[in-house]
Structures are given as C-alpha cells and as structure tokens.
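Subject: Handing over the structure

Dear colleague,

I am passing the structure on to you with this email, and below it you will find what turned up when I went through it. Please keep the sequence and the 3D view open while you read.

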Amino acid sequence: MAADVREANCIVTGETSRGSEPYPSSMPSHLIVQNQLRDIIIAQNEVVTRLSQNVSQQESFVKENLISREQHQSKMQELQVSMLEDYVPREDYEKVLNDYETEKLEHAQTKGKLMEVTDKLEFALGQIEVLTKQLEREKTAFENAFGSLKTKAIKETSKNQQLENRCHDIARQCSEKEMVMYMVCIVRYRPTVQ
C-alpha cells in the first residue's frame, strides 16, 4: 500500500515510475498528460495485481482454515451428541463431588482409626512377645525344677524301695528268729513225759 502512495506522488510531481526523470518541458502538454495517464494505468494495474494476489492468498487461507456451513453444522451436531453422551450435568457432577468429599472424609476417619488400631495391635504384639518370653523362661524354670524333683523322687522311691526291702528282710529275719525262739522255748519248757 505504501508503494501505491509513492507511485501516485510520482505521477503528481511529474516523475515516472521508471526513475526520477521529469518530463521534458519542451514536450507538448497532451503528451505529458498521455504519459501521466499511462503511468497511472500502469500503477493501477500493479495495484490491482497486488490486490488480486492478496485476495487469492486470503481466499486460500479461508479455504484452508475455515470450514463450510455444512461442515460447521455437522461439527456442531457432533458436539451436541458428544455433550449428551460424554458430559455430565452440573447437578450430577456436584452430587458426585459431594459424595467424593464425603468419601474422602470417611476415608481419612477410617485411616485414623486404622492407625489407632494398628498402634494398639503393635502394643499388644509387643506385650505378647514379652509374655511369651516370660512364659518360656518360666517353662524352662519349671522343667528344670520338675526334672530336679523327678530325679529326687526317683531317688527317694529307690531309697524307699530299698528300705522296704530291708524292712521285709528284717521282718523275715525277726519272724525266723521268733520261730526259732518259740521252738527253743517249746523244747525247753516241754514237760518231760515219764
């Protein structure tokens, strides 16, 4: 556009588009006017050519980037169908969002309870471990004491058996001696028959 203004200025001042040579002053005025008209027509043709090129470029841009009315309506129908099928009404969205927030809160509460129960469980497991070790120690002590008492009882039983055997031997010996003494007494004190 700036080039068009420059060429119009050249025509008014008498310069040609071919350079800055002014029309010779000896030239008849009708030739000067004819040359100026010719220059104006050339300038207008160049402007028209440029405008035509601009229009062609704009048309190709429009064809490449813009869509037809039918395509636009088709795309709008597809969008409406998509909205009906793929999008959720605001009320449903808000309800789901509220449900989600409630669920998140309940999850946090459950997580807190779980942590509390986990702490109690860990404490109880620690207590069980302590009690298990204590029970093992007491069991070992009991087994040692029981083994010692068992050994002592076996020794005492053996000793008692020996004492009973000895007692039976002594009782038998006593019985035998009593029998002998009884026999001796009978023989000694038996009246003699005459």
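Is Asp 39 buried or exposed? Asp 39 is buried, since its relative accessible area is 4%, and buried here stands for anything under 20%. Before we go further, please bear in mind that this is a predicted model, and that every value below was computed from it.

**The chain as a whole**

The secondary structure of the chain comes to four helices and two strands, and if you follow these elements from the N terminus on, they run α-β-β-α-α-α. The chain has 194 residues, of which buried residues make up 6%, and it exposes about 17900 Å², with carbon and sulfur atoms supplying 59% of that area.

**Helix 2 and its buried residues**

Helix 2 covers residues 29–65, which is 37 residues, and at 1.5 Å a residue these should span 54 Å; the C-alpha atoms at its ends are 53 Å apart, so the two values agree. Within helix 2, Ile 32, Asn 35, Asp 39 and Ala 43 are buried. A general point about helices may help when you look at these positions: an α-helix has 3.6 residues a turn, so residues three or four places apart point the same way.

Asp 39 also takes part in a salt bridge, in which its side chain meets that of Arg 38 at 4.0 Å, taken from N to O. The two partners sit in unlike surroundings, because Asp 39 is buried at 4% relative accessible area, whereas Arg 38 is partly exposed at 35%.

**Salt bridges in helix 4**

In general, side chains of opposite charge can pair when their charged atoms come close. How many salt bridges does the structure hold? The count comes to eight salt bridges, and two more of them are worth finding in the view.

One of these links Arg 90 with Glu 94, whose closest N and O atoms are 3.3 Å apart. Both residues lie in helix 4, four residues apart, which is about one turn of the helix. Arg 90 counts as exposed at 60% relative accessibility, while Glu 94, at 37%, counts as partly exposed.

The other brings together the side chains of Arg 172 and Glu 176, at 3.1 Å from N to O. Arg 172 and Glu 176 are likewise four residues apart in helix 4, so about one helical turn separates them. Salt bridges that share partners join Asp 169, Arg 172 and Glu 176 into one network. As for their exposure, Arg 172 counts as partly exposed at 44% relative accessibility, and Glu 176 is partly exposed as well, with a relative accessible area of 43%.

**An aromatic pair**

The structure holds one aromatic pair. It is formed by Phe 142 and Phe 146, whose rings are stacked, with 5.9 Å from centre to centre and 20 degrees between the planes. Why does this pair count as stacked? Planes under 30 degrees apart count as stacked, and the angle between the planes of Phe 142 and Phe 146 is 20 degrees. The two residues both lie in helix 4, which covers residues 90–189, and they are four residues apart, about one turn of the helix. Phe 142 is exposed, with a relative accessible area of 56%, whereas Phe 146 counts as partly exposed at 47%.

**Cysteines and a nonpolar patch**

The count of disulfides comes to zero. Cys 174 is in no disulfide, because the nearest cysteine sulfur, which belongs to Cys 167, is 9.0 Å away, and a disulfide needs the two sulfur atoms within 2.5 Å. Cys 174 is partly exposed, with a relative accessible area of 40%, and Cys 185 is partly exposed too, at 37%.

Finally, please look at the surface around Met 179, Tyr 182, Met 183, Ile 186 and Val 187, which form a nonpolar patch with about 520 Å² of accessible area together. One of these residues, Met 183, lies in helix 4, and at 47% relative accessibility Met 183 counts as partly exposed.

With best wishes

Methods
Residues are numbered from 1 along each chain as its sequence is written. This is a predicted model: local features need pLDDT of at least 70, side-chain atom pairs count only at pLDDT 80 or more; totals for chains, interfaces and linings use all residues. Side-chain values use heavy atoms; hydrogens and water are left out. Buried means under 20% relative accessible area, exposed over 50%, partly exposed in between (1.4 Å probe, protein chains only). Rings of Phe, Tyr and Trp (its six-membered ring) pair if their centres lie within 6.5 Å; planes under 30 degrees apart count as stacked, over 60 as edge-to-face and the rest as tilted. The expected span of a helix is 1.5 Å times one less than its number of residues. Patches are made of residues with over 30% relative accessible area and no salt bridge: like charges are joined within 9 Å, nonpolar side chains (Val, Leu, Ile, Met, Phe, Trp, Tyr) within 5 Å. Accessible areas come from the Shrake-Rupley method with a 1.4 Å probe; for residues, only the protein chains shown count as cover.
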